[in-house]
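Please open the structure in a viewer and keep the selection tool at hand. The tour proceeds from a small element to the whole chain.

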Amino acid sequence: MTISLTVWLLTIAALCALVGVDFFIGRTPHDVSIREAAVWTVVWVVLACLFGLGLLFYGGSGPTGEFFAGYITEKSLSVDNLFVFVLIMGKFAVPSQYQQRVLMVGVLVALVLRAGFIAAGAAIISTFSWVFYLFGAFLIWTAWKLVQDARKGGHEEEYEENKLLRIAERRFGVADRYHGTKLWIRENGKWVMTPMLVVMLAIGSTDVLFALDSIPAIYGLTQDPYIVFTANAFALMGLRQLYFLIGGLLKKLVHLSYGLSVILGFIGVKLVLHALHESGVHVPEISIPFSLGFIVLVLAVTTFTSLRATRDQET
């Protein structure tokens with residue numbers, strides 16, 4: 001699609017307005033009920049669907065199919081990310097009433113940083129078509145790594161802070177307890193970070209690391225930066241409510257990593273085929289309708305087998 005600067009600005013303004021509404025509603029720290037989480041999860045999904053249908057009138061069935069394929073893929077990868085978010089919340093002992101604020105700011109930081117990844121990816125793809133070979137190989141390798149981690153019970157491991165986070169803690173210092181929603185406090189004449197800021201940085205930086213596989217994955221479904229950005233935005237902006245809605249069900253999705261590995265491997269092969277096609281090699285290309293159907297089928301089978309496996313274990 002050819003997206004004008006005006007449409008880009010209106011889209012960003014609308015997304016900022018939605019983030020503002022979300023922040024306003026969750027401005028007072030409180031424990032998020034299942035009902036509240038369910039209502040807002042439905043709201044975000046409906047908004048994403050309405051946006052996708054809007055693309056149908058604006059750009060036709062092609063962009064619409066690309067958006068929904070990208071959105072479902074990014075949403076699925078986000079669910080896998082929630083396992084790590086649970087570990088982070090546990091490691092930093094975040095009080096339940098503050099968890100939604102942590103997720104809200106952390107996801108917002110991740111969204112801004114992902115926009116940079118998307119812009120860089122678009123620039124690289126437009127200049128170097130061979131980068132699809134690298135993206136495809138990386139996704140296939142990531143798929144294999146997911147399988148290996150799943151076999152080792154990777155989600156049960158303890159969260160380890162990344163190097164940048166440890167540097168920030170040593171440089172500025174960290175208070176020994178939470179001070180409400182404050183990010184900085186003054187101790188002994190020196191400004192130090194609160195655990196609230198540290199855990200926000202942990203959520204945001206961790207999600208950026210997840211972008212290393214999710215951004216190439218969605219570029220395997222569409223090369224349109226506008227669709228890549230909006231699909232990522234809608235997938236991330238509903239992540240906070242999804243955390244509270246399915247937090248208790250995460251342990252039941254025991255086969256999710258296997259399903260995601262199949263999806264990433266599939267998209268990796270699709271990227272390699274596309275790269276070969278761009279190089280003049282006559283190979284079949286995988287259509288978006290087939291990709292969308294395949295992704296939905298894999299997720300449905302994965303969810304069914306996961307719930308059946310956990311039910312058998314409980315009995």
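How many residues lie between β1 and β2 in their hairpin? There are 2 residues between these strands, and N188 in the turn has a positive phi of about 55°. The model is predicted, so to speak of local features a pLDDT of at least 70 is needed, side-chain atom pairs count only at pLDDT 80 or more, and totals for chains, interfaces and linings use all residues. Residues are numbered from 1 along each chain as its sequence is written, and side-chain values use heavy atoms, with hydrogens and water left out.

Select residues 184-187, strand β1, and residues 190-193, strand β2: they pair in the antiparallel sense over 4 bridges. Strands are DSSP runs of E with at least two residues, helices are runs of H or I with at least four, and pairing requires at least two DSSP bridges between two strands. Next, select R186 together with W191 of β2, its bridge partner.

Now select helix α2, residues 34-59, which contains V42. Add V46, L50, L53, L56 and F57: with V42 they form a nonpolar surface patch of about 600 Å² of accessible area together. Such a patch joins nonpolar side chains (Val, Leu, Ile, Met, Phe, Trp, Tyr) within 5 Å, from residues with over 30% relative accessible area and no salt bridge; a salt bridge is a Lys or Arg side-chain nitrogen within 4 Å of an Asp or Glu carboxyl oxygen. Areas come from the Shrake-Rupley method with a 1.4 Å probe, counting only the protein chains shown as cover for residues.

Finally, select the whole protein chain, which has 11 helices and 2 strands. Its C-alpha atoms fill a box of roughly 70 × 55 × 40 Å along the principal axes.

Notes:
Patch = residues over 30% accessible without salt bridge, like charges linked within 9 Å, V, L, I, M, F, W, Y side chains within 5 Å.
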